[in-house]
Amino acid sequence: MFDRRTLLQRAGLLAPLWFAGPPVWLTGRSAFGAPEPNPGLIVHTPVPHNAEPPLGALVQSWITPNDRFYVRSHAPVPKVDADNFKLSVEGLVEEPFEISLGQLQSDFKKQAVVATMTCAGNRRSEHSLVKEVAGVQWQAGAIGNAKWAGTRLSDLLKKAGIKEGAKHVWFDGVDEVEYKGGIIPFGASIPLNKAMSDTETMPGALVCHEMNGEPLSPDHGFPIRTVVPGYIGARSVKWLGKIIVSDRPSTNHYVAAAYKVVIEGTDDELASTPPLENFVINSVTCDPDAGSNVALGKLDVSGYALATGIPGQTIARVELSTDGGASWTKARFTSQAKPYCWRLWKADVDVRAKTSEIIVRAVDSSGNIQPETVAWNLKGYMFNAWHKTPVRVGE
Ligand SMILES: Nc1nc2c(c(=O)[nH]1)N[C@H]1C(S)=C(S)[C@@H](COP(=O)(O)O)O[C@H]1N2
Ligand SMILES: [Mo]
């Protein structure tokens with residue numbers, strides 16, 4: 001809960017560094033997007049806040065600490081008065097309702113789940129090496145694995161009573177994104193059957209208010225966000241204000257046009273391309289850093305691997321090559337194969353005189369291999385080619 005002491009402690013820690021005064025939940029005033037000061041992240045843009053951890057720091061633990069978790073926001077952190085805040089559930093339901101954060105916490109069973117969140121634009125900078133892509137030039141750190149807690153989305157939908165014809169669930173944030181000279185909320189939607197696909201341990205989607213045992217921070221969506229295990233981060237809407245049940249996918253820009261893999265982005269192409277849902281298989285070497293000097297002989301390497309968000313698929317194998325892909329060494333895992341979660345790995349590779357890069361690729365439990373190359377796309381999404389870390393071999 002957000003007791004006063006916790007709030008003051010957090011504010012005391014943060015206040016001196018905030019550009020626009022104390023945090024919004026203390027004063028009711030908007031921080032107007034002032035980023036939470038965080039030396040643990042590399043900042044791409046301060047407002048809206050877009051930042052990612054250095055790769056070496058990312059794989060120190062299976063659970064990503066909150067201060068090492070990437071931030072991806074399209075607008076400044078919105079003004080939210082937590083005491084009067086209400087989330088509404090509406091649309092194709094029998095009984096629409098509004099609910100406060102307190103009620104959400106007291107009236108529903110709390111569900112926790114560990115799931116990896118990753119931006120569809122993770123590794124976009126590698127698409128840009130082929131041809132410049134607009135947008136935040138993410139390295140490979142727009143990913144993290146956290147323990148999220150809150151209410152199952154399905155519990156809220158059941159309370160409202162889903163009407164016949166319902167097929168999708170929309171999420172609207174309360175943030176204000178500038179778009180084409182106007183203001184729109186960030187929005188997403190997921191198929192109703194994904195929302196209702198809970199298992200005992202895995203919610204189809206979570207209406208989340210806790211990240212790694214702490215209230216969500218402003219950057220990560222305080223007071224409430226969705227978390228959709230297996231889906232690209234863009235479907236996990238921060239600062240959630242509305243849940244709308246509908247017979248169609250959301251008409252919000254971020255579903256209808258953005259977050260699609262397109263080449264030219266004409267109206268026709270956008271209209272015929274479905275919105276992205278599951279993330280793709282990926283693996284990345286996080287240590288050593290690109291450009292490191294390495295000695296001949298054995299070298300310790302570590303990184304992450306992620307299976308696609310398709311149910312049932314986990315990472316089965318991670319392989320490394322120091323000879324351009326002619327031969328491969330198997331990595332060992334330092335974490336279990338868990339659905340919708342990354343798997344961390346370590347390997348001892350042989351650095352040879354001719355080694356110029358360390359290549360990594362992953363294989364999933366269905367035998368799908370991470371692709372050697374990927375086709376360029378206009379918005380730079382879903383980059384998952386073999387990851388290559390250039391190194392310089394010394395004596
Ligand atoms: N309201 C709102 N929700 C949002 C966004 C946003 O800009 N506004 N960004 C989305 C994107 S693109 C990603 S990848 C994730 C990032 O979540 P994080 O900042 O907690 O890592 O939030 C998603 N939810
Ligand atoms: Mo994203």
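These notebook entries cover cavities, one sheet and the cysteines.

**Setup.** I am working on a predicted model, where local features need pLDDT of at least 70, side-chain atom pairs count only at pLDDT 80 or more, and totals for chains, interfaces and linings use all residues. Residues are numbered from 1 along each chain as its sequence is written, chains are lettered from A and ligands numbered from 1 in the order in which they are written, and side-chain values use heavy atoms, with hydrogens and water left out.

**Cavities.** I looked for enclosed space first. A cavity here is a set of points, on a 1 Å grid over the protein atoms alone, where a 1.4 Å probe fits but cannot get out; lining residues have an atom within 4 Å of a point. Points are joined across faces, edges and corners, and a volume is the space filled by probe spheres set on them. I found 5 cavities of 30 Å³ or more.

The largest has a volume of about 230 Å³. It is lined by 19 residues, and Arg72, Arg225, Gly233, Ser236 and Lys238 are the closest to its centre. I then split the lining by class (Ala, Val, Leu, Ile, Met, Phe, Trp, Tyr, Cys and Pro nonpolar; Asp, Glu, Lys and Arg charged; the others, Gly among them, polar). For the largest cavity this gives 10 nonpolar, 5 polar and 4 charged.

The second largest cavity holds about 100 Å³. Its lining includes Thr118, Asn122, Phe279, Tyr304 and Met382. The classes there are 9 nonpolar, 3 polar and no charged residues. Domain 2 (82-272) and domain 3 (282-394) each supply at least three residues to this lining. The domain bounds come from an automatic or database assignment.

**Sheet.** Next I traced an open sheet of 5 strands, order 17-24-23-19-20, with mixed pairing. Strands (E, at least two residues) are DSSP runs numbered from the N terminus, and two of them pair if DSSP finds at least two bridges between them. Strand 17 (292-295) and strand 20 (329-330) are the edges, each pairing on one side only. Strand 17 runs parallel to strand 24 (residues 387-394), joined by 4 bridges. I noted Ser292 opposite Val391 in strand 24.

**Cysteines.** How many disulfides does the structure hold? I count 0, taking a disulfide as a pair of cysteine sulfur atoms within 2.5 Å. For Cys208, the nearest cysteine sulfur is that of Cys341, 14 Å away. Cys341 is in no disulfide either. Buried or exposed? Cys208 is buried, at 0% relative accessible area. Cys341 is buried too, at 7%. Buried means under 20% relative accessible area, exposed over 50%, and partly exposed in between, with a 1.4 Å probe and protein chains only.

Conventions. On a 1 Å grid over the protein atoms alone, a cavity is a set of points where a 1.4 Å probe fits but cannot get out, and a pocket is an open set with protein on both sides within 12 Å along at least five of seven lines; lining residues have an atom within 4 Å of a point.
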